[in-house]
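Please read the structure below alongside its sequence. The paragraphs after it go through confidence, fold, core, loops and charged pairs in turn.

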Amino acid sequence: MEQLVTVLRVEEPARFNPDQLERLCAEIGEVRAEHEVAKALETISLLLREIGKVKARGETDGLRVPVRSLAEVSEHIGMATLARVSRDVLFCMETQNEVALTATVSRLCRIGDRSIHAIWDLEDLSG
């Protein structure tokens, strides 16, 4: 009996909302917006590390605060995919779906890394 195995790709693009960044620039100016983005990226990086540690310890309840913060910071600078996946993690927590939560937290960490690199790549392109 032959078994078929499907290989699932765990890649998806990190979507960025440039309109949000433009709004931020218009509201506070380009120089302050650059500072806000840099500060947000540092915060996102710290939150992702914290989420990874909490996940490794299996402390599901400890995820709520850093994931909620991650959603807010990501939304603020236009990291649309990261914000959406953060909200997906919160939904999995609310519905107490442990299997989905484990998969979605892993996805959040992957998307987070890609999102950070995508922003830095945008910075490199803009000079």
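A residue is called buried when its relative accessible area is under 20%, exposed when that area is over 50%, and partly exposed in between. Glutamate 59 shows how the rule is applied: its relative accessibility is 37%, so glutamate 59 counts as partly exposed. Across the chain, which has 127 residues, buried residues make up 31%.

The model is predicted, and its confidence should be considered before its details. The mean pLDDT over the chain is 87, and 85% of the residues score at least 70. Confidence is highest in α3, where the mean is 96, and lowest in α5, where the mean is 82.

The secondary structure is simply listed. There are five helices and zero strands in the chain, and the order of elements from the N terminus is α-α-α-α-α. Among contacts with a separation of 6 or more, 63% join residues 24 or more positions apart.

Which residues have the most contacts inside the largest nonpolar core? They are Ile44, Leu70, Ile77 and Leu108, in a core of 28 residues. Two or more residues of this core come from each of α2 (30-57), α3 (64-77), α4 (80-94) and α5 (98-126). The largest share is that of α2, which supplies nine residues. Leu108 can be followed further through its neighbours. Leaving aside residues up to four places away in sequence, Leu108 touches Leu48, Ile51, Val67, Leu70, Leu82, Val85, Ser86 and Val89. One of these, Leu70, is itself listed with Leu108 among the residues with the most contacts inside the core.

Helix α3 can be taken next. This helix has 14 residues, and the distance from its first C-alpha to its last is 21 Å, close to the 20 Å expected at 1.5 Å a residue. Its buried residues are Pro66, Val67, Leu70, Ala71, Val73, Ser74 and Ile77. Two of these, Leu70 and Ile77, are named above among the core residues with the most contacts. Just after α3 comes glycine 78, with a positive phi of about 90°.

The loop between α2 and α3 holds glycine 62. Is glycine 62 buried or partly exposed? Its relative accessible area is 31%, and because partly exposed covers values between 20% and 50%, glycine 62 is partly exposed. The C-alpha of glycine 62 is separated by 8.3 Å from that of isoleucine 51, and the two residues are eleven apart along the chain. Isoleucine 51 has appeared already, as one of the residues touched by Leu108.

A second loop, between α4 and α5, includes glutamine 96. Its phi is near 55°, a positive value in a residue other than glycine. Glutamine 96 has a relative accessibility of 65%, which is over 50%, so glutamine 96 counts as exposed.

How many salt bridges does a search of the whole structure find? The search finds three. In one of them, glutamate 59 pairs with arginine 57, and the closest N and O atoms are 3.1 Å apart. Another joins the side chains of glutamate 75 and arginine 87, with an N to O distance of 3.1 Å. This pair links distant parts of the chain, since glutamate 75 is in helix α3 and arginine 87 is in helix α4, twelve residues apart. Glutamate 75 has a relative accessible area of 41% and is therefore partly exposed. Arginine 87, also at 41%, is partly exposed.

The remaining salt bridge is between aspartate 88 and arginine 107, whose closest N and O atoms are 3.6 Å apart. Here too distant parts of the chain are linked: aspartate 88 belongs to helix α4 and arginine 107 to helix α5, 19 residues apart. With a relative accessibility of 27%, aspartate 88 counts as partly exposed.

The cysteines close the account. A disulfide requires a pair of cysteine sulfur atoms within 2.5 Å, and by this rule the count is zero. Cysteine 25 has a relative accessibility of 26%, so cysteine 25 counts as partly exposed. Cysteine 92 has a relative accessible area of 8%, which is under 20%, and is therefore buried.

Conventions: Residues numbered from 1 in each chain as written. Predicted model: local features only at pLDDT ≥ 70, side-chain atom pairs only at ≥ 80, totals over all residues. Heavy atoms only, no water. Core = buried A, V, L, I, M, F, W, Y, C linked by side-chain atoms within 4.5 Å. Buried < 20%, exposed > 50% of the residue type's maximum accessible area, 1.4 Å probe, protein only. Helix = DSSP H or I, 4+ residues; strand = E, 2+ residues; numbered from the N terminus. Contact = heavy atoms within 4.5 Å. pLDDT = per-residue confidence, 0-100. Expected span 1.5 Å × (residues − 1). Salt bridge = Lys/Arg side-chain N within 4 Å of Asp/Glu carboxyl O.
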